[in-house]
Structures are given as C-alpha cells and as structure tokens.
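Please open the structure in your viewer and keep the selection panel at hand. The tour proceeds by selections, each followed by a short account of what is there.

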Amino acid sequence: MPNRFYLANLPESGAAVLEDLEAHHLIHVLRASPGDIVELFNGTGLVASAQITSLHNRDAQLQILGSHREDPSPRQIIVATAVPKGDRFDWLIEKATELGVTRIIPLRTARSVVDPRVSKLEKLRQTVSAACKQSGRNHLLELESTTTWSDFVNRELGQSASYIAHPGPTTRSPSSLWDGKSSIVFAIGPEGGFTDEEVELAVGRGAKPISLGPRILRIETAALALAACAGNC
C-alpha cells in the first residue's frame, strides 16, 4: 500500500496540495521525491491516487491520477465514555478508530475526574487522522464535544440498540447486540462507576445493562472490548 495522507479538501481530479504536518511528514520524514505515488483521503470516503509533481519547504504539489468514493459502513458503532486519566484517552481514540467506531462521545458524569479542554479534543482529532492513515480507514471517526450524562441520555438513547456497561446480577453478556438496528451505542462510566441515579436514567430510556465478565475493567479496556464485540457480531 502506498503511503497515505489526509487532505480534507481533496479534489476528485486535477491538482492537490499537501501542507502543514502532512507535507512535513512527506518531505522531511519520508523524504519523498517527485514522481512518487501516494494515496490521499478526505475523511468522508473520497480516496485518490496521486503523483508528486514538486516539493517545496512547506508544501507538496500533486496530480490526481484517479479517485473513487467509498460508502460508509451501514452500521454505526457509538461509544459514549467517561474520559480516563493521562494519555489513556489518546490510546482509546487511536484503537477505536482502528476498530471502526463511528463516533466517540466524551461524557461528564457525577464521578468524572477528567474533562478534556477543546484544545485537547482538537489534538485528539489529529490522532484520529493518523490512525486512519495507518489502518486504511477512509472515514474519520467523529470525536464530539464533552456531553453531560443527562444530555447524552436524552439525545442518544432509544434511537439505537443501547447498552450501559454496569456490573450486577441483572446484566447480561454481549450477544446479538445489534437487536436488528443499524446503530449501536455503548455507555462506559468513570473509574468510580455510574451512580444508581445515572443507571436508572439510562435504563428508563431503554438502555440495557451489559457485563464484560467478573473483573473490573479500566475505562479504555471496556470501551474497546465492547467496540470489538459489536464489530464482530
């Protein structure tokens, strides 16, 4: 596979220009040369083969050789999650992108300890594009703004096959998760878990408690385990 680069304003034909971080990687890290062939994608399904025509210090000029559009998956995997500490959220975002998660919704719950700033979310969107380049994915994962628990429950639950990760005797293991619907949403709580009131609110809106076994999992482990289950059901 040729080296891949993200270009939001990618044209279907004609000339294209890589700038900023993408150009830096092409020119100074890969040390590409005019005549080399690369692959470009715009994050919404357009993919193009392009040939480098000229290189400059801060940009690269390319000529589109051919392009095609890839349809999005008919299934949407939505993960709403409390934000783990440190760089664990970066890892979650990267792996969720590789696993085909459609949307990530950072949650602010009663026991949340991390509330990422707008600048942090913007940096994480660069992680998304980098993971798409590496994995061959042509539709960007959508990383949303931080949402309160009540807003999330009222907006998202009931429209999809909905689950809340919560241990207990009434929960069930993942199986036939999609329930005949085209989208699925998982809610994962903070390290201290959801409060009883938060669980009741979600269940009242149609969410089903779901268990991942007898052990207590970290936020990112639970999120990725559920995403992998959904992607293989």
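The stops below go from a sheet to a helix pair and then to the nonpolar cores.

This is a predicted model, in which local features need pLDDT of at least 70 and side-chain atom pairs count only at pLDDT 80 or more, while totals for chains, interfaces and linings use all residues. Residues are numbered from 1 along each chain as its sequence is written, and side-chain values use heavy atoms, with hydrogens and water left out.

**The sheet**

Begin by selecting strands 1 to 5, which form an open sheet with mixed pairing in the order 1-3-4-5-2. Helices (H or I, at least four residues) and strands (E, at least two) are DSSP runs, numbered from the N terminus. Two strands count as paired if DSSP finds at least two bridges between them. At the edges are strand 1 (4-6) and strand 2 (15-19), each of which pairs on one side only. On average, neighbouring strands of this sheet are turned by 40 degrees against each other, direction ignored.

Next, select residues 37-41 and 46-55. These are strand 3 and strand 4, paired in the antiparallel sense over 5 bridges. Within this pair, isoleucine 37 stands opposite glutamine 51 in strand 4.

Now add residues 20-29, which form helix 1. Helix 1 packs on the sheet and touches strand 1, strand 2, strand 3, strand 4 and strand 5 (59-69); contact means heavy atoms within 4.5 Å. Helix 3 also packs on the sheet, touching strand 1 and strand 3.

**The helix pair**

Select residues 88-99 (helix 2) and 118-135 (helix 3), which pack at an angle of about 35 degrees with their axes 9 Å apart. Axes are lines fitted to C-alpha atoms, for helices over the stretch in contact, and angles run from 0 to 180 degrees between N-to-C directions. Residues of this contact include Phe89 and Ile93 of helix 2, and Leu124 and Val128 of helix 3.

**The cores**

Which residues touch the most other members of the largest nonpolar core? Select Ile77, Val101, Ile104, Ile184, Phe186 and Ile188, which do so among its 32 residues. A nonpolar core is a set of buried Ala, Val, Leu, Ile, Met, Phe, Trp, Tyr and Cys residues joined through side-chain atoms within 4.5 Å, where buried means under 20% relative accessible area (1.4 Å probe, protein chains only). Helix 6 (219-231) is one of the elements that give two or more residues to this core, and its 7 residues are the largest share.

Finally, select Ala23, Ile27, Ala32 and Ala50, which are among the 18 residues of another core, lying apart from the largest one.

Note on methods
Buried means under 20% relative accessible area, exposed over 50%, partly exposed in between (1.4 Å probe, protein chains only).
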